[in-house]
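Here are some worked exercises to try with the viewer open. Take each task yourself before you read its solution.

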Amino acid sequence: MPTDHLSRTFAALADPTRRAILARLSAGEATVNELAEPFPMSLPAVSRHLKVLEQAGLITRGRTRQWRPCRLAAKPLEDVADWVARYRPFWDDGFDRLEEHLRTLRNGDEDA
């Protein structure tokens, strides 16, 4: 498993099941059984996914009586957003060039 937090976050997000679990938790806390419900896999398999998410800091597990609700922990996602934001000028520049190209094409059609 990667050692830096950003690598752990990306590794955890690489799996569609884990992304679906995070999407579910964005609506509020849930038990392991509730999280496992939509998936065609065993409870231990879901627990392994939860362990990866927990190790990446993407979820926390509480303890309320006999059950352990899972909650979304957003800080690692904020770190990913900050990292991706550094590259925003590259894709914004590409969109600006595309917009200019389309404007040129439209103006060319008007001249015809």
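**Exercise 1.** Decide whether Asp 79 is buried or exposed, then find its salt-bridge partner.

*Solution.*
Step 1. Start with accessibility: Asp 79 has a relative value of 18%. The cut-off for buried is under 20%, so Asp 79 counts as buried.
Step 2. Look for a positively charged partner. Lys 75 makes a salt bridge with Asp 79, with 2.6 Å between the closest N and O atoms.
Step 3. Place the pair in the fold. Both belong to helix 5 (residues 75-85), and because they are four residues apart, about one helical turn separates them.
Keep in mind that this is a predicted model.

**Exercise 2.** Work out which residues join Arg 103 in a network of salt bridges, and how exposed they are.

*Solution.*
Step 1. Recall the principle: side chains of opposite charge can pair when their charged atoms come close.
Step 2. Test the first partner. Glu 99 meets Arg 103 in a salt bridge at 3.4 Å, N to O; the two lie four residues apart in helix 6, about one turn of the helix.
Step 3. Test the second. Glu 100 also forms a salt bridge with Arg 103, its closest N and O atoms lying 2.7 Å apart. Here the spacing is three residues in helix 6, again about one helical turn.
Step 4. Put the pieces together: Glu 99, Glu 100 and Arg 103 form a linked network.
Step 5. Check exposure. Arg 103 is partly exposed at 34%, Glu 99 is partly exposed at 43%, and Glu 100 is partly exposed at 42%.
Step 6. Add a note on confidence. Helix 6 (residues 88-111) has the lowest confidence in the chain, with a mean pLDDT of 79, while helix 2 (residues 16-25) has the highest, at 97. The mean for the chain is 89.

**Exercise 3.** Which residues touch the most other members of the largest nonpolar core, and which helices supply the core?

*Solution.*
Step 1. Find the centre of the contacts. The core has 20 residues, and Leu 50 and Leu 53 touch the most other members.
Step 2. Trace the contributors. Helix 1 (5-13), helix 2, helix 3 (32-36) and helix 4 (43-55) each give at least two residues to this core. The largest share, four residues, is from helix 4.
Step 3. Follow Leu 50 outward. Leaving aside residues up to four places away in sequence, Leu 50 touches Ile 21, Val 32, Leu 35, Ile 59, Arg 61 and Cys 70.
Step 4. Turn to His 49, which is also in helix 4. His 49 is buried, at 13% relative accessible area. With the sequence neighbours up to four places away left out, its contacts are Asp 15, Thr 17, Arg 18, Ile 21 and Met 41.

**Exercise 4.** Compare the radius of gyration of the chain with that of a compact globule of 112 residues.

*Solution.*
Step 1. List the elements: six helices and two strands, in the order α-α-α-α-β-β-α-α.
Step 2. Set the two values side by side. A compact globule of 112 residues would come near 13 Å, but the chain has 21 Å.
Step 3. Check against the dimensions: the C-alpha trace spans about 75 × 30 × 20 Å along its principal axes.
Step 4. Finish with burial and surface. Of the 112 residues, 29% count as buried, and the chain exposes about 7,700 Å², with carbon and sulfur atoms supplying 55% of it.

Terms used: Residues are numbered from 1 along each chain as its sequence is written. This is a predicted model: local features need pLDDT of at least 70, side-chain atom pairs count only at pLDDT 80 or more; totals for chains, interfaces and linings use all residues. Side-chain values use heavy atoms; hydrogens and water are left out. pLDDT is the predictor's confidence in each residue, from 0 to 100. A salt bridge is a side-chain nitrogen of Lys or Arg within 4 Å of a carboxyl oxygen of Asp or Glu. Buried means under 20% relative accessible area, exposed over 50%, partly exposed in between (1.4 Å probe, protein chains only). A nonpolar core is a set of buried Ala, Val, Leu, Ile, Met, Phe, Trp, Tyr and Cys residues joined through side-chain atoms within 4.5 Å. Contact means heavy atoms within 4.5 Å. The radius of gyration is taken over C-alpha atoms; the globule rule is 2.2 Å times the number of residues to the power 0.38. Accessible areas come from the Shrake-Rupley method with a 1.4 Å probe; for residues, only the protein chains shown count as cover.
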